[in-house]
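Me: I would like to go through this structure step by step, with each answer reasoned out before the value or name is given. Where should we begin?

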Amino acid sequence: MMSLICKLLVLLLLPVFRCDAFLLMNPSHNRVKRNPNANVQHASSTTRLHGIKATIRIVGRKTSEKWIEEGCKMYETRLRPNNVDVVTEWCKNNDALIKNVQNDAERSTPIIMLDPFAKESSSEVFTDRFYKWVERSTPIIMLDPFAKESSSEVFTDRFYKWVEKGGSRVVFVIGGAEGLPEELRSGKALGNQKPILYSLSQLTFTHQFARLVLVEQIYRASEIRKGSGYHK
């Protein structure tokens with residue numbers, strides 16, 4: 001009886017703690033050894049406590065066309081109340097883009113899975129008794145005009161699956177005027193990760209405008225998920 005009460009108290013008090021991961025009440029997952037060096041923060045049952053982080057890596061620098069920058073900022077501002085943070089990181093050339101994407105591919109997010117029915121341990125009550133640890137790699141989506149395109153509804157479904165897979169983190173890659181470097185498009189620079197190629201449209205966009213379209217689609221996805229009237 002006391003053991004059951006303790007487990008219920010853990011469930012009630014868990015949101016007080018901070019850990020970087022999904023909080024999943026699923027006793028079917030296999031136990032994974034905790035990484036003592038992991039930097040962990042707290043998360044809710046669907047996204048991290050601090051929300052989704054979508055990073056856009058793009059070749060070049062901030063556009064001189066103010067309307068594109070203002071449009072991106074407008075959607076980024078609208079996304080914040082939806083718990084989505086979109087950050088654009090500029091790469092001066094293809095070599096810098098490849099290096100940054102390689103770092104993304106090597107980075108993993110520690111995920112804590114809450115399992116109140118896990119086998120109890122006499123030691124490390126808060127690490128082995130109720131928790132199970134896994135590490136998830138960040139999905140890297142590369143915009144490629146030759147890839148398969150989809151509707152906004154399908155993009156929404158895929159976006160949130162990518163987010164769940166990556167522990168609330170996802171990276172989008174936009175190449176320069178010549179498109180994606182072959183090392184990224186083929187997946188050679190990603191190590192064990194398979195490239196995820198996605199097309200926004202069969203129409204030809206400048207890579208700067210493609211960024212604006214992408215940010216709008218992320219916002220649209222958040223509104224579709226929320227069930228608002230934005231998407232008609």
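Reply: This is a predicted model, and a helix pair makes a good start. Helix α5 (residues 152-165) packs with helix α7 (residues 207-226), their axes being 9 Å apart, and the angle between them is about 85 degrees.

Me: Is α5 roughly parallel or roughly perpendicular to α7?
Reply: An angle from 65 to 115 degrees counts as roughly perpendicular, and the two helices pack at about 85 degrees. The value falls inside that range, so α5 is, with respect to α7, roughly perpendicular.

Me: Which residues of α7 make the contact with α5, and which residues of α5 take part?
Reply: On the side of α5, the contact is made by S152, E153, F155, T156, F159 and Y160. The residues of this contact divide into seven nonpolar, four polar and three charged. On the side of α7, the residues are L214, Q217, I218, R220, A221, S222, I224 and R225.

Me: Which element gives the most residues to the largest nonpolar core?
Reply: Nonpolar side chains in soluble globular proteins tend to be buried together. Here the largest nonpolar core has 27 residues, and V86, F155, F159, V170, F172, L214 and I218 have the most contacts inside it. At least two residues each come from β1 (52-59), α2 (66-79), β2 (84-91), β5 (140-143), α5, β6 (169-174) and α7. The element that gives the most, with six residues, is α7.

Me: What does I218 touch once its neighbours within four places in sequence are left aside?
Reply: I218 is among the residues with the most contacts inside the largest core, and it also belongs to the contact of α7 with α5. With those neighbours left aside, the residues in contact with I218 are A54, L79, V84, V86, F155, F159 and F172.

Me: How many residues does the other core have?
Reply: Another core lies apart from the largest one, and its members include I140, V173, L180 and L184. Its size, in residues, is 15.

Me: Is L214 buried or exposed, and how far is its C-alpha atom from that of C72?
Reply: L214 lies in helix α7 and is buried, with a relative accessible area of 0%. Leaving aside neighbours within four places in sequence, L214 is in contact with I56, L143, F155, F172, I174 and L200. L214 and C72 are 142 residues apart along the chain, yet the separation of their C-alpha atoms is 9.1 Å.

Me: How many residues apart in sequence are the parts that the pair of W67 and F209 ties together?
Reply: W67 and F209 form a tilted aromatic pair, 6.0 Å centre to centre with 50 degrees between the planes. W67 is partly exposed at a relative accessible area of 49%, and F209 is likewise partly exposed at 27%. Because W67 lies in helix α2 and F209 in helix α7, the parts tied together are apart in sequence by 142 residues.

Me: What kind of aromatic pair do W162 and Y198 form?
Reply: W162 in helix α5 and Y198 in strand β7 (residues 196-198) are 36 residues apart. W162 counts as buried at 10% relative accessibility, as does Y198 at 3%. Their ring centres are 6.1 Å apart and their planes differ by 85 degrees; since planes over 60 degrees apart set the class, the pair is edge-to-face.

Me: Which residues are linked into a cluster by ring pairs?
Reply: A search of the whole structure finds 12 aromatic pairs. Ring pairs link into a cluster the residues F155, F159, Y160, W162, F172 and Y198.

Me: Is S168 buried or exposed, and where does it lie?
Reply: S168 has a positive phi of about 75 degrees although it is not a glycine. With a relative accessible area of 0%, S168 is buried. Its place is the loop between α5 and β6.

Me: What is the phi of N83?
Reply: N83 lies in the loop between α2 and β2 and is partly exposed, with a relative accessible area of 35%. N83 is a residue other than glycine, and its phi is positive, near 65 degrees.

Definitions and conventions. Residues are numbered from 1 along each chain as its sequence is written. This is a predicted model: local features need pLDDT of at least 70, side-chain atom pairs count only at pLDDT 80 or more; totals for chains, interfaces and linings use all residues. Side-chain values use heavy atoms; hydrogens and water are left out. Axes are lines fitted to C-alpha atoms, for helices over the stretch in contact, and angles run from 0 to 180 degrees between N-to-C directions. Helices (H or I, at least four residues) and strands (E, at least two) are DSSP runs, numbered from the N terminus. Angles under 35 degrees count as roughly parallel, over 145 as roughly antiparallel, 65 to 115 as roughly perpendicular and the rest as oblique. Contact means heavy atoms within 4.5 Å. Ala, Val, Leu, Ile, Met, Phe, Trp, Tyr, Cys and Pro count as nonpolar, Asp, Glu, Lys and Arg as charged, and the others, Gly among them, as polar. A nonpolar core is a set of buried Ala, Val, Leu, Ile, Met, Phe, Trp, Tyr and Cys residues joined through side-chain atoms within 4.5 Å. Buried means under 20% relative accessible area, exposed over 50%, partly exposed in between (1.4 Å probe, protein chains only). Rings of Phe, Tyr and Trp (its six-membered ring) pair if their centres lie within 6.5 Å; planes under 30 degrees apart count as stacked, over 60 as edge-to-face and the rest as tilted.
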